[in-house]
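Here is a quick tour of one chain for someone who likes to think in contacts and angles. Have the viewer open while you read.

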Amino acid sequence: MSREKSHIMTQLDGNNHSVFSLSYHLILIVKYRRNVITNVISEYLKHIFCYIAPKYKITLAEWNHDKDHIHILFKAEPDSEISKFINAYKSASSRLVKKDFPEVRNKLWKEYFWSRSYCLITAGGAPLEILKEYIRTQGEGYDGRKD
């Protein structure tokens, strides 16, 4: 196996029937963009994420926050139910943060902690143009001709 292919193989995850590399960048925003996320609350939210994630075959890769939103880079498996996970996480974290940090409730209207919407972007791997070119050239011999 070539050195390049060997390097690619070490970056893949796998299970009994497949190999894969599925990374996602998730951005969750506090309702009304209220500035309520402190370092302590961010760590608390991260702890909740790490507790719930394994049930959905999801693992945390990177975490950071600003005062009104969080950024999460995570890996998933092909059968991970990502939208169900996000809804479960938003629901549980909202309930627990408001319970354990009562000062947050004073800065929010009604019962919501997170905005209803979120941003989810696939991440990692080769740029799309590289993948397109790779797919276009499949089956071509070394001289550039198809067999």
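What follows goes from the overall fold to the sheet, then to one helix and finally to a loop.

**The chain as a whole**

Keep in mind that this is a predicted model. The chain has five helices and six strands, and reading from the N terminus the elements come in the order α-β-β-β-α-β-β-α-α-β-α. Of its 147 residues, 29% are buried. The accessible surface adds up to about 10300 Å², with carbon and sulfur atoms accounting for 53% of that. Take the contacts between residues at least 6 apart in sequence: 68% of them join residues at least 24 apart.

**The sheet**

Four strands make an open sheet in the order β4-β5-β3-β6, and the pairing is antiparallel. Which strands sit at the edges? They are β4 and β6, each of which pairs on one side only. Neighbouring strands in this sheet are turned against each other by 20 degrees on average, if you ignore direction.

Now for the individual pairings. β3 and β5 run antiparallel and are joined by eight bridges. Within that pairing, L26 has I72 in β5 as its bridge partner. Two helices pack on this sheet. One of them, α2, touches β4, β5 and β6, and its direction makes about 170 degrees with that of β4. The other, α3, touches β3, β4, β5 and β6, with its direction at about 140 degrees to that of β6.

β4 and β5 are also antiparallel, with seven bridges between them. A hairpin of three residues takes the chain from β4 to β5. T59 is the residue that stands opposite K75 in β5.

**Helix α2, side by side**

Back to α2, which covers residues 39–52. Does its length add up, or is something off? With 14 residues at 1.5 Å a residue, the helix should span 20 Å, and its end C-alpha atoms are indeed 20 Å apart, so the two agree.

The buried residues of α2 are I41, S42, L45, I48, F49 and I52. They cover an arc of only 120 degrees around the axis, so they lie on the same side of α2. On the face turned away from that buried side you find the exposed residues N39, V40, H47 and Y51. What do the buried residues pack against? Their partners are β4 (58–65), β5 (69–76), α3 (82–100), α4 (102–107) and β6 (114–123).

L45 is a good residue to zoom in on. This leucine belongs to helix α2 and counts as buried because its relative accessible area is 0%, where the cut-off for buried is under 20%. Leaving out residues up to four places away in sequence, L45 touches I37, W63, I70, Y89, S93, V97, F113 and W114. Take S93 from that list: L45 and S93 are 48 residues apart in sequence, yet their C-alpha atoms are 6.3 Å apart in space.

**The loop between β3 and α2**

The last stop is the loop that leads from β3 (22–30) to α2, where K31 lies. Is K31 buried or exposed? At 17% relative accessibility K31 counts as buried, because the cut-off is under 20%. Apart from neighbours within four places in sequence, K31 is in contact with L108, Y112, F113, W114 and S115. F113 and W114 also turn up among the residues that L45 touches.

Y32 is in this loop too, and so is R33. Neither is a glycine, but look at the phi angles: Y32 has a positive phi of about 60 degrees, and R33 has a positive phi of about 55 degrees. Both count as partly exposed, since Y32 has a relative accessibility of 35% and R33 has one of 46%.

Here are the accessibilities of the residues discussed one by one:

| Residue | Relative accessibility | Class |
|---|---|---|
| L45 | 0% | buried |
| K31 | 17% | buried |
| Y32 | 35% | partly exposed |
| R33 | 46% | partly exposed |

Technical notes: Residues are numbered from 1 along each chain as its sequence is written. This is a predicted model: local features need pLDDT of at least 70, side-chain atom pairs count only at pLDDT 80 or more; totals for chains, interfaces and linings use all residues. Side-chain values use heavy atoms; hydrogens and water are left out. The expected span of a helix is 1.5 Å times one less than its number of residues. Buried means under 20% relative accessible area, exposed over 50%, partly exposed in between (1.4 Å probe, protein chains only). The arc is that of the directions from the helix axis to the C-beta atoms. Contact means heavy atoms within 4.5 Å. Accessible areas come from the Shrake-Rupley method with a 1.4 Å probe; for residues, only the protein chains shown count as cover. Two strands pair if DSSP finds at least two bridges between them. Axes are lines fitted to C-alpha atoms, for helices over the stretch in contact, and angles run from 0 to 180 degrees between N-to-C directions.
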